[in-house]
Amino acid sequence: VIHVRRAYDDDEHVFGEPKSEAGLRRVPIAGVLRDYLLAWKLASTPGAELVLPRDDGRPFNASAARSRALRAWAAVGDRQCAAVTRAGEPCKALALRGYTFCGRHKAQEPAGAKPRKPTVEPIGLHEARHTFASLMIAAGVNAKALSVFMGHSSIQVTYDRYGHLMPGGEDEAAALLNVYLEAANTQARLAQLDDERAPVARQSDTETGGSQRVGAGCGDGRVDG
């Protein structure tokens, strides 16, 4: 769980309270992220106040962090230059982004070659926040809990921003209703079968003139004496 207790003002360079009372919150994290954070903490300077500071210990700058993130995302598709040097060894430089050869050997690029599409679509911190919300909805987290995790001032903000991702469309609503009715019908039929298979009943002597057993569910009206 991540405890959100303070906010950082990039302009004033000071810590303060979150924008609203709803900003004070606890946010659950996935197990895989916990592993990364734990590994980072073990590798960080002991006693450091911040989890992800700059090299000098100050809070990172949001725009600089975004630029670094975008460069890292773009580098996912980087590959080594495909050229071979005069000595017969592979070129050790990286190919121009999206191409096969580096700048020194770009003349070997086939005529009319177009850059490859990025392997992944880059995102920044703000997009990561929306991704978190989207994954929570896909996992079935209810709107009220998501509103708390996101620090929204009201659940209406959550619905306005992410309502299109939540279940409730006509086709989905009809499908959910069908599943519910089928389940209810199955339960009713099972209950009926249980009644039909009820244990053998005993009639009182006053009604039958003697102790007799009646087989429950028998259709031929036979009575065992």
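This is a dialogue on how to read several features of a predicted model.

Trainee: What is the order of helices and strands along the sequence?

Mentor: Start with the counts, then the order. The protein has seven helices and six strands. From the N terminus onward, the pattern runs β-β-β-β-α-α-α-α-α-α-β-α-β.

Trainee: How many of the 225 residues, as a percentage, count as buried?

Mentor: A residue is called buried when its relative accessible area is under 20%. By that cut-off, 13% of the 225 residues are buried. The accessible surface of the protein is about 17,600 Å², and carbon and sulfur atoms contribute 55% of that area.

Trainee: What share of the contacts joins residues 24 or more positions apart?

Mentor: The base for that figure is the set of contacts with a separation of 6 or more. Within that set, residues 24 or more positions apart account for 29%.

Trainee: Which residues make the nonpolar surface patch?

Mentor: Look for nonpolar side chains that are accessible and lie close enough to be joined; the joining distance is within 5 Å. Here W40, V51, L52, F60 and L125 make a patch of about 490 Å². One of these, W40, belongs to helix 1, residues 31-43. Patch members need over 30% relative accessible area. W40 has a relative accessible area of 42% and is partly exposed.

Trainee: How many salt bridges does a search of the whole structure find?

Mentor: The search finds one. The partners are R66 and E127, and their closest N and O atoms are 3.2 Å apart. The cut-off for such a pair is 4 Å.

Trainee: Which parts does the pair of R66 and E127 tie together?

Mentor: For any such pair, find the element that holds each partner. R66 is in helix 2 (residues 62-74) and E127 is in helix 3 (residues 125-138), so the pair links parts that are 61 residues apart in sequence. Then check the accessibility of each partner. R66 is partly exposed at 34% relative accessibility, and E127 is also partly exposed, at 29%.

Trainee: What sits over the ring of F15?

Mentor: For a charge over a ring, read the distance from the charged end to the ring centre. The charged end of R6 sits over the F15 ring, 4.2 Å from its centre. Ring-to-ring pairs are a separate search, and that count comes to one aromatic pair.

Trainee: Where is H13, and is H13 buried or exposed?

Mentor: H13 is in the loop between strand 2 (7-9) and strand 3 (14-16). H13 counts as exposed, at 54% relative accessibility. Its backbone is also worth reading: phi of H13 is near 60°, a positive value in a residue other than glycine.

Trainee: Which residues is H105 in contact with, leaving aside its neighbours within four places in sequence?

Mentor: Place the residue before reading its contacts. H105 is in the loop between helix 2 and helix 3. Its relative accessibility is 14%, so H105 counts as buried. Leaving aside neighbours within four places in sequence, H105 touches C81, A83 and C91.

Trainee: How far apart are the C-alpha atoms of T85 and H105?

Mentor: They are separated by 9.4 Å, while the two residues are 20 residues apart along the chain. T85 is likewise found in the loop between helix 2 and helix 3. T85 is partly exposed, at 30% relative accessibility. With neighbours within four places left aside, T85 is in contact with P90 and C91. C91 is also among the contacts of H105.

Trainee: Is L94 buried or exposed, and what is L94 in contact with?

Mentor: Exposure and contacts are read separately. L94, in the loop between helix 2 and helix 3, is exposed, with a relative accessible area of 54%. Leaving aside neighbours within four places, L94 is in contact with D78, R79, Q80, C81 and C102. For D78, the C-alpha separation from L94 is 6.9 Å, and the two are 16 residues apart along the chain.

How values were computed: Residues are numbered from 1 along each chain as its sequence is written. This is a predicted model: local features need pLDDT of at least 70, side-chain atom pairs count only at pLDDT 80 or more; totals for chains, interfaces and linings use all residues. Side-chain values use heavy atoms; hydrogens and water are left out. Patches are made of residues with over 30% relative accessible area and no salt bridge: like charges are joined within 9 Å, nonpolar side chains (Val, Leu, Ile, Met, Phe, Trp, Tyr) within 5 Å. Accessible areas come from the Shrake-Rupley method with a 1.4 Å probe; for residues, only the protein chains shown count as cover. A salt bridge is a side-chain nitrogen of Lys or Arg within 4 Å of a carboxyl oxygen of Asp or Glu. Helices (H or I, at least four residues) and strands (E, at least two) are DSSP runs, numbered from the N terminus. Buried means under 20% relative accessible area, exposed over 50%, partly exposed in between (1.4 Å probe, protein chains only). Rings of Phe, Tyr and Trp (its six-membered ring) pair if their centres lie within 6.5 Å; planes under 30 degrees apart count as stacked, over 60 as edge-to-face and the rest as tilted. A charge sits over a ring if NZ of Lys or CZ of Arg is within 6 Å of the ring centre and within 35 degrees of the ring normal. Contact means heavy atoms within 4.5 Å.
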